[in-house]
Amino acid sequence: MPDAQQRVSFYNKIWSQIEKKYFLIDFWNHGSLVNGCIAAGREGGYFYVDWNGKVMPCVFAPYGAGNVNDIYRDNKMTLNDIWNLPFYSEIRKWQRDFGFGAKRATKNGNLLRPCPYRDHHKQFLKWIEEYDIEPEDSSAKELLVNSDISKKMIKYDKELESLFDPIWEKDYLE
């Protein structure tokens, strides 16, 4: 995983290549091209379903609610029921509040830091706790029980904010 400075360097490098007419896309650094995070079934976005049928907001966020196997086995839910689960609804609300759907860049959220899991980890941890969300595997569970990892991710987010907010304000808001 690149550190915050490496991510900004990569952002600068990839945009210099795009200006030369190369087609490149970067999941995190091109949030401004897709109006932010595309997870949790937002309009124009997607859910990630793992090989066991567990539904997660994103392939990079290994925590989820609902299982497509349960839908078909029990006939008690539909995909819309999963889409409407509070965990996913809360992520979509955050996306809207953060700037998804705005006609132009806003001060509400920096779309160069679009990922609620990676770029706003403290918020994501609150959702996991509030909605009692299950980790996909032992590695994801380790993050929840090992506060040192979470502290490092939150520190990363603050460093990234300090580096990307001036770029957002200069290149997108002015």
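Trainee: What makes Lys-155 and Glu-159 a salt bridge?
Mentor: Their closest N and O atoms are 3.3 Å apart. The term needs a side-chain nitrogen of Lys or Arg within 4 Å of a carboxyl oxygen of Asp or Glu. The pair therefore qualifies. This is a predicted model: local features need pLDDT of at least 70, side-chain atom pairs count only at pLDDT 80 or more, and totals for chains, interfaces and linings use all residues. Residues are numbered from 1 along each chain as its sequence is written, and side-chain values use heavy atoms, with hydrogens and water left out.

Trainee: Where do Lys-155 and Glu-159 lie?
Mentor: Both are in helix α7 (helices are DSSP runs of H or I, at least four residues; strands are runs of E, at least two; numbering starts at the N terminus). They stand four residues apart, about one turn of the helix.

Trainee: Why does Lys-155 count as exposed?
Mentor: Its relative accessibility is 52%. Exposed means over 50%, buried under 20%, and partly exposed in between (1.4 Å probe, protein chains only). Glu-159 has 32%, so it is partly exposed.

Trainee: How do you know that Asp-165 and Arg-113 form a salt bridge?
Mentor: The closest N and O atoms are 3.3 Å apart. Asp-165 lies in helix α7 and Arg-113 in the loop between α4 (86-98) and α5, so the pair ties together parts 52 residues apart in sequence.

Trainee: Is Asp-165 buried or exposed?
Mentor: Buried, because its relative accessible area is 19%. Arg-113 is buried too, at 7%.

Trainee: How far apart are the closest N and O atoms of Asp-70 and Arg-73?
Mentor: 2.4 Å, in another salt bridge. The two are three residues apart in helix α2, so about one helical turn separates them. Asp-70 is partly exposed at 30%. Arg-73 is exposed at 58%. The whole structure has seven salt bridges.

Trainee: What makes the nonpolar surface patch?
Mentor: Ile-25, Leu-33 and Val-34, with about 270 Å². Patch residues have over 30% relative accessible area and no salt bridge; nonpolar side chains (Val, Leu, Ile, Met, Phe, Trp, Tyr) are joined within 5 Å, like charges within 9 Å. Leu-33 has 48% relative accessibility, so it counts as partly exposed. Leu-33 sits in the loop between α1 (4-19) and β1 (48-49).

Trainee: What pLDDT does the chain average?
Mentor: 89, on a scale from 0 to 100 for the predictor's confidence in each residue. 100% of the residues score at least 70. Among the elements, helix α2 (residues 68-74) has the lowest mean, 85, and strand β2 (residues 55-56) the highest, 96.

Conventions. Areas by Shrake-Rupley, 256 points an atom, 1.4 Å probe, with all protein chains shown as cover.
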